[in-house]
Amino acid sequence: MYSDEDLLPISGLQRLAFCERQWALVHMEQERSENVLTIEGRQLHEFVHEQGSGVRSGVRMVRGLHLRSLSLGLYGVADLVEFRPCDDGAVLPGLTGRWRPYPVEYKRGRKRLDQADEIQLCAQAICLEEMLNVAIAKGAVYYGQPKRRTETDLTPELRKSVMALCRRARELYEAKQTPLPKPGKHCASCSLENICTPELAAKDRSTQYVAGLLRELAQ
Ligand code: SF4
């Protein structure tokens, strides 16, 4: 179990799944840079959180709920958690009956090819399960393009991916070592491309490699 002081942000798991170097630059070196994607994404999250909480068709909606898991060592804020009435869910303070949480994560763009969004959603669900002592089987990611939810099954495989990323984040954090860049197509949508300079770093490594070979041959 981790203590409150040791927790890492849930949002970092999505970065870690995207690029380990980006995660380390943001969470270990505090390098933050904004591009149009991150600005629009932040504005969408602020808008969602400003909508407040309420009840619709018997479902209680809570926005901006603070989350924590001491077993995973994570903390964060859920965009939206719907609490749906059920027979075997969580008991909520001040309310009668039982309620099953259904987390909804908001994303400005389209569904991605990788599982980064589902991983973030699943990590939120695991936090809710631990906080409320309740099982959560599903959640959803809302995509701005098209304006629609995609429901996600929180499968054992997805949960394993979350746990593996938590372990990796902890390894990197404790080793205090920022991974080298791995340039690729994904760099074009990275808000830290200017700071990371992946091509320059890659050229640097090639130059060092060739220089090393030449030194060995000269011996
Ligand atoms: S520019 Fe590429 S290698 Fe560098 S942090 Fe971003 S995604 Fe990672």
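These notes go through a predicted model, from its overall make-up to single residues with unusual backbone geometry.

1. Overall make-up. The protein has seven helices and seven strands. Read from the N terminus, the order of elements is β-α-α-α-β-β-β-β-α-β-β-α-α-α. Buried residues make up 28% of the 219 in the protein. Among contacts with a separation of 6 or more, 62% are between residues 24 or more positions apart.

2. Ligand shell. There are 13 residues around the ligand, and those that come nearest are Cys-19, Pro-181, Cys-187, Cys-190 and Cys-196. Two elements, α2 (20–27) and α6 (193–196), give two or more residues each to this shell. Sorted by class, the shell holds eight nonpolar, two polar and three charged residues.

3. Ligand and domains. The ligand lies between domain 1 (4–179) and domain 2 (181–219), because both domains give residues to the shell around it.

4. Helix α1. This helix covers residues 11–18 and is mostly covered, with six of its eight residues buried. The buried ones are Gly-12, Leu-13, Gln-14, Arg-15, Leu-16 and Ala-17. The cover over these buried residues includes β1 (8–9), α2, α4 (116–132) and α5 (156–175).

5. Packing of α1 on α2. Two packed helices are described by the angle between their axes and the distance between the axes. For α1 and α2, the angle is about 140° and the axes are 5 Å apart. The pair therefore counts as oblique; the cut-off for roughly antiparallel is over 145 degrees. From α1, the residues involved are Gly-12, Arg-15, Leu-16 and Phe-18, which meet Glu-20, Gln-22, Trp-23, Val-26 and His-27 of α2. This contact of α1 with α2 is made up of four nonpolar, three polar and two charged residues. Helix α2 thus appears both in the contact with α1 and among the elements that give residues to the ligand shell.

6. Strand β2 and the loop after it. Gly-54 sits in strand β2, residues 54–56. Gly-54 is exposed, because 10 other C-beta atoms lie within 10 Å, and the limit for exposed is 12 or fewer. The C-alpha atom of Gly-54 is 9.6 Å from that of Glu-82, with the two residues 28 apart along the chain. Ser-57 belongs to the loop between β2 and β3 (59–69). With 5 other C-beta atoms within 10 Å, Ser-57 is also exposed.

7. Backbone exceptions. Most residues other than glycine have a negative phi, and most peptide bonds are trans. Which residues depart from this? Ser-57 has a positive phi, near 50°. Asn-133 has a positive phi as well, near 55°. A cis peptide bond joins Gln-145 and Pro-146, where omega is about -10°.

8. Where the other exceptions sit. Asn-133 is in the loop between α4 and β6. Asn-133 counts as exposed because it has 9 C-beta neighbours inside 10 Å. Pro-146 is in the loop between β6 (138–143) and β7 (148–153). A reader checking the backbone can find Ser-57 in the loop between β2 and β3, Asn-133 in the one between α4 and β6, and Pro-146 in the one between β6 and β7.

Key
Residues are numbered from 1 along each chain as its sequence is written. This is a predicted model: local features need pLDDT of at least 70, side-chain atom pairs count only at pLDDT 80 or more; totals for chains, interfaces and linings use all residues. A residue is near a molecule or strand if its C-beta atom, placed from the backbone, lies within 6 Å of it. Helices (H or I, at least four residues) and strands (E, at least two) are DSSP runs, numbered from the N terminus. Ala, Val, Leu, Ile, Met, Phe, Trp, Tyr, Cys and Pro count as nonpolar, Asp, Glu, Lys and Arg as charged, and the others, Gly among them, as polar. Domain bounds come from an automatic or database domain assignment. A residue is buried if 20 or more other C-beta atoms lie within 10 Å of its own, exposed if 12 or fewer, and partly exposed in between; C-beta atoms are placed from the backbone. Two residues are in contact if their C-beta atoms, placed from the backbone, lie within 7 Å. Axes are lines fitted to C-alpha atoms, for helices over the stretch in contact, and angles run from 0 to 180 degrees between N-to-C directions. Angles under 35 degrees count as roughly parallel, over 145 as roughly antiparallel, 65 to 115 as roughly perpendicular and the rest as oblique.
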